[in-house]
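Student: I should be grateful for a close look at a single part of this model. Please choose one strand and follow its connections in a connected account.

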Amino acid sequence: MPGLILRQPIESDIIYLAEHMRDVDKAELLVTYGQEPEEAIRASLKRTEPYYQLTAEYDGQMLCMCGCASMSLVSPVGYPWLLCTDAMSKHIKRLTIHAKPWLAIMLNRWPMLTNVIDVRNRDTMRWLALLGFEFTDTTPLVPGYPLRRFTMHRAI
């Protein structure tokens, strides 16, 4: 199956991503949640409604898994998350094309999207800025490892 495929995550995606996750994402998971990759992936999926979970692959190679978690069914805030393999950087332009409509779907559900990112994750920060996220405060959840808040609001 050539080309980019976006689909619901399956069990084998969790295992593959846990074993092939970018080092910068692994480091961020340890700082923000104190979790190893597989545990963090499962926790993220558990907090995310199935409709808002996605695996992206290109020519059969997994690029990333993402979603948007919520604190409750009536919460006005969604918490987008993204965990990637090293293959993600090779296909960032393709993913950007598909990310914008995906963000519109999330913003239709939640008026505000926000989360934090490890400042060492520079490539993903640049991509988030390209997608239209704004960066605000920086907070050291763990001393020496600052996290930067990123936010996007539904257009009024």
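Tutor: Strand 3 (residues 61-70) and strand 4 run antiparallel and are joined by 7 bridges; strands count as paired if DSSP finds at least two bridges between them. Helices (H or I, at least four residues) and strands (E, at least two) are DSSP runs, numbered from the N terminus. The model is predicted, so local features need pLDDT of at least 70 and side-chain atom pairs count only at pLDDT 80 or more, while totals for chains, interfaces and linings use all residues. Residues are numbered from 1 along each chain as its sequence is written, and side-chain values use heavy atoms, with hydrogens and water left out. The pLDDT, the predictor's confidence in each residue from 0 to 100, has a mean of 91 for the protein, and 99% of the residues reach 70 or more.

Within the pairing of strands 3 and 4, Cys 64 stands opposite Cys 84 in strand 4. The two strands form a hairpin, with 6 residues between them. Strand 4 itself (residues 77-84) has 7 of its 8 residues buried, so the rest of the structure largely encloses it. Here buried means under 20% relative accessible area, exposed over 50%, and partly exposed in between (1.4 Å probe, protein chains only).

Strand 4 also pairs with strand 5 (residues 112-118), in this case in parallel, through 2 bridges. Val 77 stands opposite Met 112 in strand 5. From strand 4 the chain passes through helix 4 (residues 92-109) to strand 5, a right-handed β-α-β crossover. Right-handed means that, with the strands pointing away from the viewer, the path from the first strand over the helix to the second runs clockwise.

The connecting helix deserves attention in its turn. Helix 4 bends by about 30° at Ala 99, and Pro 101 follows within four residues; the bend is the angle between axes fitted to the seven residues ending at a residue and the seven starting there. Buried residues of helix 4 include Leu 95, Ala 99, Trp 102 and Met 106. Among the elements that cover the buried residues of helix 4 are strand 3 and strand 5, together with strand 1 (4-7) and helix 5 (122-131); contact here means heavy atoms within 4.5 Å.

On its other side in the pairing scheme, strand 3 is joined to strand 2 by 7 bridges in the antiparallel sense, with Gln 53 opposite Gly 67 in strand 3.
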